[in-house]
Amino acid sequence: MKKTILIVAMASILYSCQQNTASTESAAAETSAEALATTYGADFAPGEDIIAADQLLKALAGKDSVETTVQAVINESCQAKGCWMDVKLGNSETMKVTFKDYGFFLPVEDLTGREVIFRGTAKREMISVEDQRHFAKDAGKSEEEIALITEPREEFRFVADGVKLKQ
């Protein structure tokens with residue numbers, strides 16, 4: 001009888017240890033995935049509500065603005081202060097992402113091709129010639145390229161309150 005109780009006790013201890021190991025491994029995997037991203041601005045936990053950049057246009061259809069979390073690839077970033085980035089929208093269009101109240105900046109290294117997740121508000125907006133030229137100068141464009149900007153243009157804009165830059 002003592003052997004049976006001992007065997008049952010050992011089996012349940014081993015079984016419970018195996019469950020703890022599995023949940024610990026799962027938590028470690030989540031932690032390491034999170035560690036592969038650097039957060040700038042407000043921290044947020046990306047969840048199921050993340051939309052791909054190419055789906056943002058559909059989310060904005062018929063609306064002035066939309067609050068959302070977007071996953072995208074950086075097309076270009078500010079080389080002067082790290083105060084904006086352009087992300088690919090899936091077609092030939094890009095969207096300028098700025099940071100709420102200039103409360104944070106990204107690294108000024110070339111971030112082209114890096115994956116990013118950001119949370120905030122997307123909207124359609126008219127951009128003045130002056131602002132377009134300012135952004136072109138920040139991007140390191142030549143004086144000739146900057147001089148070619150002569151008309152205001154409508155574009156998609158996003159004001160992010162938090163950014164996760166993937167490694």
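Reader: What percentage of the 167 residues in the chain is buried?

Author: The model is a predicted one. Buried here means under 20% relative accessible area. By that cut-off, the buried part of the 167 residues is 31%.

Reader: In what order do helices and strands follow one another along the sequence?

Author: The chain has four helices and seven strands. Read along the sequence, the pattern is α-β-β-α-β-β-β-β-α-α-β.

Reader: Among contacts with a separation of 6 or more, what share joins residues 24 or more positions apart?

Author: A contact requires heavy atoms within 4.5 Å. Of the contacts in the chain with a separation of 6 or more, the share from residues 24 or more positions apart is 71%.

Reader: Which element supplies the largest share of the largest nonpolar core?

Author: The largest nonpolar core has 24 residues, and Met85 and Phe118 have the most contacts inside it. At least two residues of this core come from each of α2 (53-60), β3 (65-77), β4 (84-88), β5 (94-99), β6 (115-127) and β7 (153-166). The largest share, five residues, comes from β7.

Reader: Which residues does Met85 touch, leaving out those up to four places away in sequence?

Author: Met85 is one of the two residues with the most contacts inside the largest core. With residues up to four places away not counted, Met85 touches Ile74, Glu76, Ser77, Met95, Lys96, Val97, Phe99, Leu106, Val116, Phe118 and Val163.

Reader: Which residues does the second core include?

Author: This core is separate from the largest one and has five residues. Among them are Cys78, Cys83, Trp84 and Phe135.

Notes: Residues numbered from 1 in each chain as written. Predicted model: local features only at pLDDT ≥ 70, side-chain atom pairs only at ≥ 80, totals over all residues. Heavy atoms only, no water. Buried < 20%, exposed > 50% of the residue type's maximum accessible area, 1.4 Å probe, protein only. Core = buried A, V, L, I, M, F, W, Y, C linked by side-chain atoms within 4.5 Å.
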